[in-house]
Amino acid sequence: MKTNKILTLAFSLMALLAITSCVEDDDYSVPQSQGNEENLALNLLLSQIETGALDLVSIEEVKAMYSSDDDIPFPVDTNIVVKGYVSSSDATGNFFKEFYIQDKAENPTAGLQVITSSSDIYNKFNKGREVYIKLNGLHIGETRVGNGVITIGGGTESDQYGTTVTALTNSQESSNVLRSATTETIIPLNLTFGVVSGEHIGMFVKFDNVEFADDLAGERYFDPTEDYDTQRTLQSCSGLEYSELILETSAFSTFKNELLPTLNGSISGVIVKNFSGDTTLLTLNSTEDVVFENTRCSLLNIDDFNVVYEEDFEGFGNYTNEGWTNVNVSGTNTDWFISGFNNNDYSRISAFSSNNSEADVWLVTPVIDLGTSSDNLLSFDLEVAFSNGIILSAYISTDFSGDPLVATWEPLNAEIPYGSTSGFGGLQPITTIDISQYEGNVNIGFFYEGSDPDATTRYHLDNLKVLSN
């Protein structure tokens, strides 16, 4: 009996030594060595890509495999692989049995959700980790029908609402999702609230000069009266009004009881959607990504401003007679024209059914004299219809003389929305743009970069105003 006790104590000490030798000085970082089995699997995959036995496809191509029109997940039966970089982290409990990947560590253009049966995913798929996913045998779809979040899953299930994807099994995760030894630093994509859309889901992004709404002082990230998630409003001063975005925090996050900061600054997180899929949100990996150290912003007062130029296109003649420039610089036949609906006229453009592979079109205002005012604002309304991409941008020039190709154009921070993909969304005010750094004579230019059939989004421009104080 004494011998057994001694052996038991010895084994216990050996186990304790083994544990402490694996984790020294509380260092829980993911080891760079992937282990022989995982290294062999990854090296085999990379060699198969090199020889053509496996095809490497982009995240955008993977997303295109699923058609939300029929709501049926796409079963992958070809030898394809997608590569990405992990943009999320469940280390704080704010994500659960899921992680997101984006196509590049910096300036990403597409993101994807991956749902698993595992928790504490950050131990293996830490933020920035380069991963390869063998898609043969997996499914591309949504976790809730119509939520707009394209997801890689292991199987499917159906109910009265349709068919959705289910989580990867542990076996599928081990055999199909392979990490390399590379962990990149994920550089957040700088955005403004107004441009956020479903196209940004899964990307790690950053917003500057923002703060929590005025009525949230003294509140915490999570409301204890909620069951699962709490939504808090972020706001950004945009001239005369606030631009807003929702931050969502899980009841299981380790920072849920932290007080919301009351100052202004920058915040970084992953763009996701809420449970029902009807709202695009920001979710934190960690409150370390919330840096609010500046004085809160202040809105401008409309009563302090005078209208120095406005155009609502009512009773509008042709563009030339009204002093506007409307020119297709790609030499095709798409251009802006005056249209109307429900007793309201506006300027309209779309490359749809134009048969033009290029439709690069400038619409430029007449000269607008800002004088020497210290505060100048630009506002306009926009309707976006049948969208297949954001292909309109706004610029300002101080040397435009009739030819947009030789003028110097500086981009304006115009929050052009993605808009409706299947119809009309109605005219909506674009967040007021501060152009106070300019004075004297300027021209505002709208540049449409269309092509048929790839970029045919339709725009209605109306109620343009320039205000000065």
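## Surface and overall build

The accessible surface of the chain comes to about 22,800 Å². Carbon and sulfur atoms hold 48% of that surface. The model is predicted.

The chain has 469 residues, and 47% of them count as buried. Along its principal axes, the C-alpha trace spans about 105 × 55 × 45 Å. Four helices and 31 strands make up the list of elements in the chain. Now take the contacts between residues with a separation of 6 or more: 73% of them join residues 24 or more positions apart.

## Two nonpolar cores

In soluble globular proteins, nonpolar side chains tend to be buried together. The largest nonpolar core here has 37 residues. Those with the most contacts inside this core are Trp 336, Leu 378, Phe 380, Leu 382, Ile 435, Phe 446 and Tyr 459. Five strands each give two or more residues to the core: S23 (359–364), S25, S26 (392–397), S30 (441–450) and S31 (458–468).

Which residues touch Leu 382, leaving aside its neighbours within four places in sequence? Leu 392, Ile 416 and Pro 417 are among them. So are Gly 426, Leu 427, Gln 428 and Ile 430. Tyr 459, His 460 and Leu 461 complete the set.

Apart from this core lies another, with 35 residues. Its members include Leu 234, Leu 245, Leu 247 and Phe 292.

## The largest pocket

The largest pocket holds about 1,400 Å³ of space. It is lined by 44 residues, and the closest to its centre are Ser 197, Gly 198, Glu 199, Tyr 418 and Gly 419. Helix H3 (59–64), strand S25 (376–385) and strand S28 (428–429) each give two or more residues to the lining. S25 gives the most, with three residues. S25 also gives two or more residues to the largest nonpolar core.

What kinds of residue form this lining? There are 16 nonpolar, 20 polar and eight charged residues.

## The second largest pocket

The second largest pocket has a volume of about 910 Å³. Its lining has 30 residues. Phe 96, Glu 98, Gln 113, Asp 229 and Phe 275 are the closest to the centre. Strands S4 (98–102), S5 (111–115), S10 (162–166), S15 (241–250) and S16 (264–273) each give two or more residues to this lining.

By type, the lining of the second largest pocket divides into eleven nonpolar, twelve polar and seven charged residues.

Terms used. Residues numbered from 1 in each chain as written. Predicted model: local features only at pLDDT ≥ 70, side-chain atom pairs only at ≥ 80, totals over all residues. Heavy atoms only, no water. 1 Å grid on protein atoms, 1.4 Å probe; cavity = no way out; pocket = protein on both sides within 12 Å on 5 of 7 lines; lining within 4 Å. Points joined across faces, edges and corners; volume = space filled by probe spheres on them. Nonpolar A, V, L, I, M, F, W, Y, C, P; charged D, E, K, R; others polar. Core = buried A, V, L, I, M, F, W, Y, C linked by side-chain atoms within 4.5 Å. Buried < 20%, exposed > 50% of the residue type's maximum accessible area, 1.4 Å probe, protein only. Contact = heavy atoms within 4.5 Å. Areas by Shrake-Rupley, 256 points an atom, 1.4 Å probe, with all protein chains shown as cover.
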